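Subject: Handing over a structure, with notes

Dear colleague,

I am passing this structure on to you, and below it I have set out what was found when going through it. Please read the notes with the model open beside them.

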Amino acid sequence: MSAPTAPADLYRHSLRLLLDKDIPAWVALWAEDGVAEFPFAPDGWPRRLEGKEAISAYMRHYPDHIDLHDFPDLRIHQTTDPQTIVVEMRGVGRLVESGAPFDMTYIAVVTVRDGHITSYRDYWNPLTVQQPGTDFTGSSR
């Protein structure tokens, strides 16, 4: 089954892949030259990832650290650019290392071209990653 191409449908599909912990399929939704930006990332966390390979490396160990259960409160807003959406949501689950609850709020601006994510600006809550066990990036903070 191929991924949907409309931005909102592709985004919903990407969330299902994250819940299924299918990181390779999630990465496959990205354009080769896709860019992920994290404007609110705290020190020690990447602020910009360029290219599918960098995005794959960033996400590779995500399910080993954060066990996502749901994305409640999902709201997808269309913009004047039909290829760009603004997403509001929460990601909830648990931290694998401690079993502690995980609850992160997000606002993302996502652009899709030719059925692939080309730009993802993720304004996630940096306070959440101050909990032990949240660092899936392999950085040594």
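How far apart do the end C-alpha atoms of residues 14-119 lie, and what percentage of the span is helix and what percentage strand? Those two atoms lie 14 Å apart, and the span is 22% helix and 46% strand, where helices (H or I, at least four residues) and strands (E, at least two) are DSSP runs numbered from the N terminus. The span was chosen since UniProt, in an unreviewed entry, lists residues 14-119 as "domain: SnoaL-like"; UniProt positions are given here in the numbering of this structure, with feature names shortened, and annotations may be inferred rather than shown by experiment.

Before going further, please note that this is a predicted model, in which local features need pLDDT of at least 70 and side-chain atom pairs count only at pLDDT 80 or more, while totals for chains, interfaces and linings use all residues. Residues are numbered from 1 along each chain as its sequence is written, and side-chain values use heavy atoms, with hydrogens and water left out.

The core

The largest nonpolar core (a set of buried Ala, Val, Leu, Ile, Met, Phe, Trp, Tyr and Cys residues joined through side-chain atoms within 4.5 Å) has 38 residues. Here buried means under 20% relative accessible area, exposed means over 50%, and partly exposed is what lies in between, with a 1.4 Å probe and protein chains only. The residues with the most contacts inside this core are Tyr 11, Leu 18, Trp 26, Leu 68, Phe 102, Val 110 and Ile 117. Two or more residues are given to the core by each of α1, α2, β1, α3, β3 (66-70), β5 (84-95), β6 (101-113) and β7, and the largest share, seven residues, comes from α1. Val 110, not counting residues up to four places away in sequence, touches Tyr 11, Gln 83, Thr 84, Ile 85, Ile 117, Ser 119 and Tyr 120, a contact being heavy atoms within 4.5 Å.

Aromatic pairs

A search of the whole structure finds six aromatic pairs, counted for rings of Phe, Tyr and Trp (its six-membered ring) whose centres lie within 6.5 Å, with planes under 30 degrees apart called stacked, over 60 edge-to-face and the rest tilted. The rings of Trp 45 and Trp 124 have centres 5.6 Å apart and planes at 65°, so this pair is edge-to-face. The pair links distant parts of the chain, 79 residues apart, with Trp 45 in the loop between β1 (30-37) and β2 (48-50) and Trp 124 in the segment after β7 (116-122). Trp 45 is buried at a relative accessible area of 5%, and Trp 124 is buried at 5%. Elsewhere, ring pairs link Tyr 11, Trp 26, Trp 30 and Tyr 120 into a cluster.

Helix α3

In helix α3 (residues 52-59), the buried residues are Lys 52, Ile 55, Ser 56, Tyr 58 and Met 59. Seen down the axis of α3, they fall within an arc of 160° and so line one face of the helix, the arc being that of the directions from the helix axis to the C-beta atoms. The elements that cover them include α1, α2 (23-27), β1, β2 and α4 (62-65). Lys 52 counts as buried at 18% relative accessibility, and its side chain reaches the backbone oxygen of Trp 30 at 3.2 Å. That is a polar contact, meaning a pair of N or O atoms within 3.5 Å, of which, within protein, one must be able to donate a hydrogen and the other to accept it, and for which residues adjacent in sequence count only if both atoms are side-chain atoms.

Pro 7 and the loops

Pro 7 lies in helix α1 (residues 7-19) and is buried, with a relative accessible area of 9%. Leaving aside neighbours within four places in sequence, Pro 7 is in contact with Pro 82, Gln 83, Ile 85 and Val 112. Gln 83 has its place in the loop between β4 (75-78) and β5 and is partly exposed, at 27%.

Lys 21, in the loop between α1 and α2, has a positive phi of about 60° although it is not a glycine. Asp 114, in the loop between β6 and β7, also has a positive phi, near 50°, and counts as exposed at 77% relative accessibility.

With best wishes
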